[in-house]
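Work through the exercises below with the sequence and the 3D structure open. Try each task before reading its solution.

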Amino acid sequence: MLFLLFIVTACQTDDTTRETVVREKQQEKKETSLTQIAAETATKVNKPVSWDPGVATTDLMLPLENSRPRTTDVTHVMLHFMSNGVNQPDDPFNMNDIRSIFTDYGVSAHYVIDRKGHIYRFVGEGRVAFHAGSGNISGYPQYKDNMNDYSIGIELLAIGTRKEMVAMIPGFPYD
């Protein structure tokens, strides 16, 4: 009788597990569908694609003219560094100033990561941000002068070495 009770319990557990797996698969399918819809919508306007990457992100979306709809697949992530060290050497990483640089110059990046690791989203991934200039990668001739189309741009708030920065920041303010 004890053996029979164990078999019944095991069967109930298997049925419960099977139901749980089916529910989880249905939920995954629903979430995938929602992500696809959000991505399609994000290409029409500069809105972030709606999914939870598990990382806190603050949206500081740039005007639409600072990006354009994406028509190609993303194949690369480009990391850059930037600051406002030329104009504000005492406060080169002020996020309001950084955002103003983008809007004033008509450039953009998808994300900016500040000195404390906070992530700011400036352009939705369904749009092309203007961060790579006329970039290209050896071995990828189709990318010549249009790296933006194939990449996600991430700006790290930082200042380069003195040698890297000498053309923009003379020695005294740099030091």
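Two strands pair if DSSP finds at least two bridges between them. Helices (H or I, at least four residues) and strands (E, at least two) are DSSP runs, numbered from the N terminus. The model is predicted, and local features need pLDDT of at least 70, side-chain atom pairs count only at pLDDT 80 or more, while totals for chains, interfaces and linings use all residues. Residues are numbered from 1 along each chain as its sequence is written, and side-chain values use heavy atoms, with hydrogens and water left out.

**Exercise 1. The sheet**

Task: find the order of the strands in the open sheet, and name its edge strands.

Solution.
Step 1. The open sheet has five strands, in the order S1-S5-S4-S7-S3, with mixed pairing.
Step 2. Strand S1 (57-59) and S3 pair on one side only, which makes them the edge strands.
Step 3. Look at one pair inside the sheet: S4 (residues 111-113) and S7 (residues 151-157) run parallel and are joined by three bridges. Val112 has Glu155 in S7 as its bridge partner.

**Exercise 2. The salt bridges**

Task: find the salt bridges and state which parts of the chain each one ties together. A salt bridge is a side-chain nitrogen of Lys or Arg within 4 Å of a carboxyl oxygen of Asp or Glu.

Solution.
Step 1. The search of the whole structure gives two salt bridges.
Step 2. One joins Arg121 and Asp59, at 2.6 Å from N to O. Arg121 belongs to strand S5 (residues 119-121) and Asp59 to strand S1, so this pair ties together parts 62 residues apart in sequence.
Step 3. Arg68 forms a salt bridge with Asp149, with 2.2 Å between the closest N and O atoms. Arg68 is in strand S2 (residues 67-69) and Asp149 in helix H3 (residues 147-150), so parts 81 residues apart in sequence are tied together.
Step 4. Check accessibility (buried is under 20% relative accessible area, exposed over 50%, partly exposed in between, with a 1.4 Å probe and protein chains only). Arg121 is buried at 12%, whereas Asp59 is partly exposed at 37%. Arg68 is partly exposed at 35%, and Asp149 is buried at 14%.
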